[in-house]
Amino acid sequence: MSGVLAERIGRPWKKPPLIKSAAWRWGLGIAALVYLVLAIGSIEVNWSRVYEGLERGWAFIVAFANPDFNSRASDITEGMIESVIITITSTVVGIAISIPIALGAAGNIAPMPVYLICRGIVALSRALNEIIVAILLVAIFGFGPLAGFLTLSFATIGFLSKLLAEDIENMDRSQAEAIKATGPSWLQWINYGVQPQVMPRLIGLSMYRLDINFRESAVLGLVGAGGIGATLNTAFDRYEFDTAAAILLIIIVTVMALEYLSGIIRARVQ
Amino acid sequence: MLRLEKLTKTYRTGDQALKAVDLDVPKGQVLALIGPSGAGKSTLIRSINRLVEPTSGKAWLGDVELTSLGGAGLRRERRRMGMIFQEYALVERLTVMENVLSGRLGYVGFWRSFLRRFPQSDVDEAFRLLDRVGLLAMADKRADELSGGQRQRVGIARALIQNPALLLVDEPTASLDPKTSRQIMRLICELCAERGLAAIINIHDVALAQMFVARVVGLRAGAIEFDGLPDGLTPEVLTTIYGEEDWQATIDKVDDEEDEAVA
């Protein structure tokens, strides 16, 4: 038996800790705990204001028990149709623009200058929050669904290009190489060597984005970018909580239906 | 037919994978390239169709010098070099037929290939080749539904439908069982003989190489150590290629095993 082994035999084994130094390990833990206590202590709560708010909150919850779909039915329908149009158009346009950008943003197939430009576009789109873009575009194009459509198209580019580019970067190189060895043009190579590998992901992400765009279209209405969000905002402004509740229920049901649909589609395309 | 002149590849890391390799492959000759892992076998065949860009040296396919070709010229010459891969490298989500027809991409326009409307002569040839490799019934199956041996047969059909002058074959049997390995090697060699194709076959299995090919080239550390008939692979030669080991068993095996017919 070698010396190293003899030393090991008969002694228990433990997984090596993530942070080697015991002082650091304990120090970091205690520091985090102290910060947590201080942070909680620093929150100022105005209890009388909370008490007042509870009443309003309760009215809101009660309204949910009897949502009013009827008195503003035409407004709700109009808002929903607008939202659906915004969602579908922005998703379609966003995907169409995202695909070439994703090809450019995939480091394994794009030359360096193209890669940098496309990554730049992706970074810009992801850095700007939807609400901020919507406020800017409402200022430029005025209130209404056009601003919402443009905002969501722009946001879709950042989301889809980035994730699709990552899938392209993770593809099986040998399949693409084998196609390349047959002497195709660049587009043929993408169509045969790359596209089949990333298609399920593209479909899955597109469905997911459709879902997100619908939810976002409800939020964007609050800053004037049209859709069901605008209807919801109006309902709140008029203290019509029962109508607001009806709108929220419709949004929830629609999102759940989309979620269910995208689940089925994603399972099918594998 | 294929001529390499001082073909050299130095990777960016500074590793010299090929050290001024000279090689002449006449028309119709099937050549096995053996050597230890990392000897540069893969780099050598990929430097010929420039999936790897050689650092210096020249390569001629017939009268065409390959290393100086631009985009369009390279694509045209790649059509004349069919390639068969170690892990088959079929596009798994495409059908068997699409995989075979992808060998015609260099000959058809984008829209035809995009819409999968290949010329009737290509379609007929694809069916003939699938029949030849025994997979006619699998034409509409997805490639990932096939077994390893079947996939490699599709890979062979894809390479042949290019109507190549040369086959570049990279470890065709590395992921196959011994029996399937022999069938695949036999199929490749038969098809080369039928069509008068030259082939360079990278292979780990020395005994298998000896069984089927007319010429063996041994590569070590990017340089050719041996070039001759399969019978010339004595224990001394194998030691210079691979290093010290008891080689007798490897060589004896060739005589002991009997061949099975192609299933």
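**Notebook: a sheet, two helix pairs and an interface**

I began with the sheet of chain B, which is open, has six strands in the order E6-E7-E8-E3-E9-E10 and shows mixed pairing; strands count as paired if DSSP finds at least two bridges between them. I noted that this is a predicted model, in which local features need pLDDT of at least 70, side-chain atom pairs count only at pLDDT 80 or more, and totals for chains, interfaces and linings use all residues. Residues are numbered from 1 along each chain as its sequence is written, while chains are lettered from A and ligands numbered from 1 in the order in which they are written. Helices (H or I, at least four residues) and strands (E, at least two) are DSSP runs, numbered from the N terminus.

**Sheet of chain B**

I looked up the edges and found strand E6 (81–84) and strand E10 (223–228) of chain B there, each with a single partner strand, so one side of each is left without a neighbour in the sheet. Inside the order, I saw that strand E3 (residues 30–34) of chain B runs parallel to strand E8 (residues 198–202) of chain B and is joined to E8 by four bridges. Ala32(B) is placed opposite Ile201(B) of E8(B).

**Helices H6 and H7 of chain B**

Next I checked how H6(B) and helix H7 (residues 178–195) of chain B pack: their axes are 10 Å apart, at an angle of about 15°. Axes are lines fitted to C-alpha atoms, for helices over the stretch in contact, and angles run from 0 to 180 degrees between N-to-C directions. H6(B) is therefore roughly parallel to H7(B), since angles under 35 degrees count as roughly parallel, over 145 as roughly antiparallel, 65 to 115 as roughly perpendicular and the rest as oblique.

**Helices H4 and H7 of chain A**

In chain A, I found that the axes of helix H4 (residues 73–104) and helix H7 (residues 145–169) come within 7 Å and cross at roughly 40°. H4(A) and H7(A) are therefore oblique to each other.

**Chain A against chain B**

Finally, I looked at the interface, where 19 residues of chain A are in contact with 22 residues of chain B; contact here means that the C-beta atoms, placed from the backbone, lie within 7 Å. Helix H8 (173–180) and helix H9 (186–220) of chain A each supply at least two residues of the side of chain A that touches chain B, and H9(A) gives the most, with eight residues.

Notes: Contact = placed C-beta atoms within 7 Å.
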